[in-house]
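The report below describes a structure of two chains, beginning with a helix and going on to a strand and the contact between the chains. Please read it beside the sequence and the model.

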Amino acid sequence: MKSAIVLFPGINRESDMARALEMASGRAPEIVWHKETELPDVDLIVIPGGFSYGDYLRCGAIAARSPIMRDVVAKAEAGVTTLGVCNGFQVLTETGLLPGALMRNADLKFVCRDVHLRVETTGTRFTGGYEEGQVIRVPVAHGDGNYFADEDTLDRLEGDGRVVFRYCDADGNAGSRANPNGSVRDIAGILNARGNVLGLMPHPEDHIEPAQGSTDGFGIFMSVVAALETA
Amino acid sequence: MKARVTVTLKNGVLDPQGKAIQHALSSLGFSGVDDVRQGKLIELEIADQDRDKARAEIEAMCEKLLANTVIENYAIELV
């Protein structure tokens, strides 16, 4: 599996992401600077976490309009598998590839800790390696992860099985105390209508080896590799 | 020509920053504040002197970048 990481000024999680991608696929990703206008021919496009453009205007807003993003949007719309983590999720919503928006955390605090997520569907190319309802533990580190969309959009997401991850407690119960940022319906990650674009706030790339305390995040990368290499 | 764009959160979108400001005001003794909504003010210096053209152009800027219309409204004022 060939992959590319898109890099904007202010992004700081690209090395973790590159390590996860290389461990899962056996191949180092290409790093593509935001001023480029064309992506290399890859199977997976990743927008990592960080603080692109210092979160000016709105998180991800400036990055979403940078030169490389035209090709990212075109390729994602043509069906190329695309993953956005944290700031990457914010960028994907700002481009319109994913619905809704990520707002300031409800309690206004930057939250940096492990959270539990419930895998709501395994019928995606990102979650095929998990079990339905499986609870995984991964870190979050964000100040603007409060997912918002109007009720119609939320109902559509739920109805189509496009809510992929939900914040929950260690036993898998979603609810206000397990929700670190106030996201509507405890939503942590969503899929686009076509099923090839995933955005999530938590950082699966930071729980990939035992020294990190958990390997729960590696399943996303292994799932993508499995889905794309058998496709 | 100067233009002012005011970006505010849509009704129904929670504004935790506005709430925090309201609480701070209340702890300062300003008790009569029922609600606070926080927004952004963006000032633009526009070369074009044709007001209609400028307004249309700024509207396009709002739709494409200055506001996120999923959660925000915008108002344009030419001064």
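Helices (H or I, at least four residues) and strands (E, at least two) are DSSP runs, numbered from the N terminus. This is a predicted model, in which local features need pLDDT of at least 70 and side-chain atom pairs count only at pLDDT 80 or more, while totals for chains, interfaces and linings use all residues. Residues are numbered from 1 along each chain as its sequence is written, chains are lettered from A and ligands numbered from 1 in the order in which they are written, and side-chain values use heavy atoms, with hydrogens and water left out.

**Helix H3 of chain A**

Just after H3(A), A:Gly96 adopts a positive phi of about 90°. The helix is largely enclosed by the rest of the structure, because eight of its nine residues are buried (under 20% relative accessible area, with exposed meaning over 50% and partly exposed in between, for a 1.4 Å probe and protein chains only). Among these buried residues are A:Phe89, A:Val91 and A:Leu92. A:Gln90, which lies in helix H3 (residues 87-95) of chain A, is buried as well, with a relative accessible area of 5%. Leaving aside residues up to four places away in sequence, A:Gln90 touches A:Cys59, A:Leu102, A:Asp144 and A:Met201, where contact means heavy atoms within 4.5 Å.

**Strand E1 of chain B**

In strand E1 (residues 2-9) of chain B, the covered face consists of B:Ala3, B:Val5, B:Val7 and B:Leu9, whereas B:Lys2, B:Arg4, B:Thr6 and B:Thr8 make up the uncovered one. Two strands count as paired if DSSP finds at least two bridges between them, and the pairings of E1(B) are set out here.

| Partner strand in chain B | Sense | Bridges | Example of opposite residues |
|---|---|---|---|
| E2 (residues 40-45) | antiparallel | six bridges | B:Lys2 and B:Glu45 |
| E3 (residues 72-78) | antiparallel | seven bridges | B:Thr8 and B:Asn73 |

**Contact between the chains**

Chain A contributes 13 residues to the contact and chain B 17 residues. The area buried between them is about 1,200 Å², with 68% of it coming from carbon and sulfur atoms; buried area is the accessible area (1.4 Å probe) that two parts lose on being put together, summed over both. Of the area that chain A buries against chain B, A:Leu57, A:Arg58 and A:Met103 supply 41%, more than any other three residues. One salt bridge is found across the interface of chain A and chain B, the term requiring a side-chain nitrogen of Lys or Arg within 4 Å of a carboxyl oxygen of Asp or Glu. A:Arg58 forms a salt bridge with B:Glu72, their closest N and O atoms being 3.7 Å apart.
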